[in-house]
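Please look over the sequence and the model shown here before reading on. The paragraphs that follow move from one helix to the ligand and then to the domains.

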Amino acid sequence: MGGEGMETGEGARTAQGGVGTAGPGPASLALMERAQRRIPGGVNSPVRAARAVGGRPRFLRSGRGAYAVDADGREYVDWAMSYGPLILGHAHPAVVAAVTEAARHGTTFGAPTEAEVRLAETICERVPSVERVRLTSSGTEATMSALRLARAFTGRDDVIKFAGGYHGHADAFLVEAGSGVLSTGIPGSAGVPEDTVRHTVVVPYNDLAAVEEALRQRPAAAVFVEPVAGNMGVVAPLPGFLPGLRALCDRYGALLVFDEVITGFRVARGGAQERYGVRPDLTTMGKIVGGGMPVGAFGGRADILSLLAPEGTVFQAGTLSGNPLAMAAGLATLGELDRPGTYEGLERTAAALAQGLEEAAREAGVALYVARVGSMLTPFFRAGSVTNLDDVRASDTAAYARFYHAMADRGVLLPPSPFECLFVSTAHGDEEVERTLEAARPAMRAAAGGA
Ligand SMILES: *Cc1c(COP(=O)(O)O)cnc(C)c1O
């Protein structure tokens, strides 16, 4: 299969109803040429390059609601949604107005501002386990700072994470999952010293026995978990997994850290901890909390957060942390999410999409399992459900790549990797689901290899 230029059958229609050309258009291709000269891989974050689906990226130039327009002027129903922040869709009027108004009063001060206090209060009100919180400019900063804090609080160095779990690109988290249950110390990136990941223990997701074994062998500062995994595609926690982690952390004196950078304010108003009724010690956030601007946050128990400088001895800082434009976007987004029926609506749209995709697959004779929790979902080309990274890896990634290209050529943008989520926003509704399923029927036949 040759990447872009996928065979999509005759008469591939764009979202505008015209006849589409296979692959990215000339403007995107020309931009990629230029980009690759000056930016490694042509992108500022690797997945965007679309190599995981054997293609080249469409450059996007604008977005509105559930739709994005590429550099060639083609319109798409966008389900990638910037990997999660855009729960209100692109350029939501309330967010645009808030950011515009904030910009008029100054873009950064390096002094405390009221908007930071308001966002902190808003987060703590929605997520009761977060008694105090500090704001950062990315999820990566939030998770690496939470790890530093957990190590300082417990006086322990080890950290347990799950295979397929992503917690940003700080060195300590960039550990590949080995095949052994307790594989440690294998950096998943060049440039990460083995010494740095010596303290990182990787265990399979949804495997409480492995967690207990790890905790018994080595006292850990913390267990970091995505309460719904979203970075190997959606993998839901099995019943009992999250409460089990809580109990194990209590028994062995480790902190339980929920990485809710994706799930926060998405799978419920108060995040996954509300949806599953489990109270972590620390929580990391990002994506939605910034409403499309660069924001992260970490917070939790007051006694732990008080260790942060200048109250305590754990250093953590950021020139643009609490940036006024970002605070405005976050506050506007969280405010909009409080409209009655928001989460029910997201759930309904996502369920219709998931069901429709499974039907389209069945009609095409393709094995498909759509993993879904609330408004995050991943179509895995395999029969049967997924509970960990091994299951995920056993899906047919080539089929996903064919599906991705066939959908893009028909005006529907999916994440350019089989291991990411589709994100439903409040701007997606019946019409977008219908357009998507109309494209999915022939695209499933392409996925089957019969294009
Ligand atoms: C996206 C993500 C991060 C990293 O956030 P950035 O803002 O990209 O640095 C951390 N954890 C999870 C679960 C994420 O999905």
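Which residue takes a positive phi just after H4? In this predicted model, that residue is Gly155, whose phi is about 70°. The helix that precedes Gly155, H4, runs over residues 139-154 and has 16 residues; from its first C-alpha to its last it reaches 22 Å, which is close to the 22 Å expected at 1.5 Å a residue. Several residues of H4 are buried, among them Gly139, Thr140, Ala142 and Thr143, and the buried set also includes Ser145, Ala146, Leu147, Leu149 and Ala150.

Gly139 and Thr140 lead on to the ligand, since both belong to the residues that surround it. Ser138 is also part of this shell, as are Tyr166, His167 and Gly168, and the surroundings further include Glu226, Asn231, Asp259, Val261, Ile262 and Lys287. By residue class, the shell divides into three nonpolar, six polar and three charged residues.

Individual atom pairs give a more detailed view of the ligand's surroundings. An N or O atom in the side chain of Asp259 is 2.7 Å from a nitrogen atom of the ligand, while a polar side-chain atom of Asn231 lies 3.0 Å from an oxygen atom of the ligand. Tyr166 takes part through its backbone, where an N or O atom lies 3.3 Å from a ligand nitrogen atom. Of the 380 Å² of accessible area that the ligand has on its own, the protein covers 83%.

At the level of the whole chain, the domain assignment gives domain 1 as 13-49 and domain 2 as 93-337. The centres of domain 1 and domain 2, taken over C-alpha atoms, are separated by 32 Å. H4, at residues 139-154, falls within the bounds of domain 2, 93-337.

Key. Residues are numbered from 1 along each chain as its sequence is written. This is a predicted model: local features need pLDDT of at least 70, side-chain atom pairs count only at pLDDT 80 or more; totals for chains, interfaces and linings use all residues. Side-chain values use heavy atoms; hydrogens and water are left out. A residue is near a molecule or strand if one of its heavy atoms lies within 4 Å of it. A polar contact is a pair of N or O atoms within 3.5 Å; within protein, one must be able to donate a hydrogen and the other to accept it, and residues adjacent in sequence count only if both atoms are side-chain atoms. Accessible areas come from the Shrake-Rupley method with a 1.4 Å probe; for residues, only the protein chains shown count as cover. Ala, Val, Leu, Ile, Met, Phe, Trp, Tyr, Cys and Pro count as nonpolar, Asp, Glu, Lys and Arg as charged, and the others, Gly among them, as polar. Helices (H or I, at least four residues) and strands (E, at least two) are DSSP runs, numbered from the N terminus. The expected span of a helix is 1.5 Å times one less than its number of residues. Buried means under 20% relative accessible area, exposed over 50%, partly exposed in between (1.4 Å probe, protein chains only). Domain bounds come from an automatic or database domain assignment.
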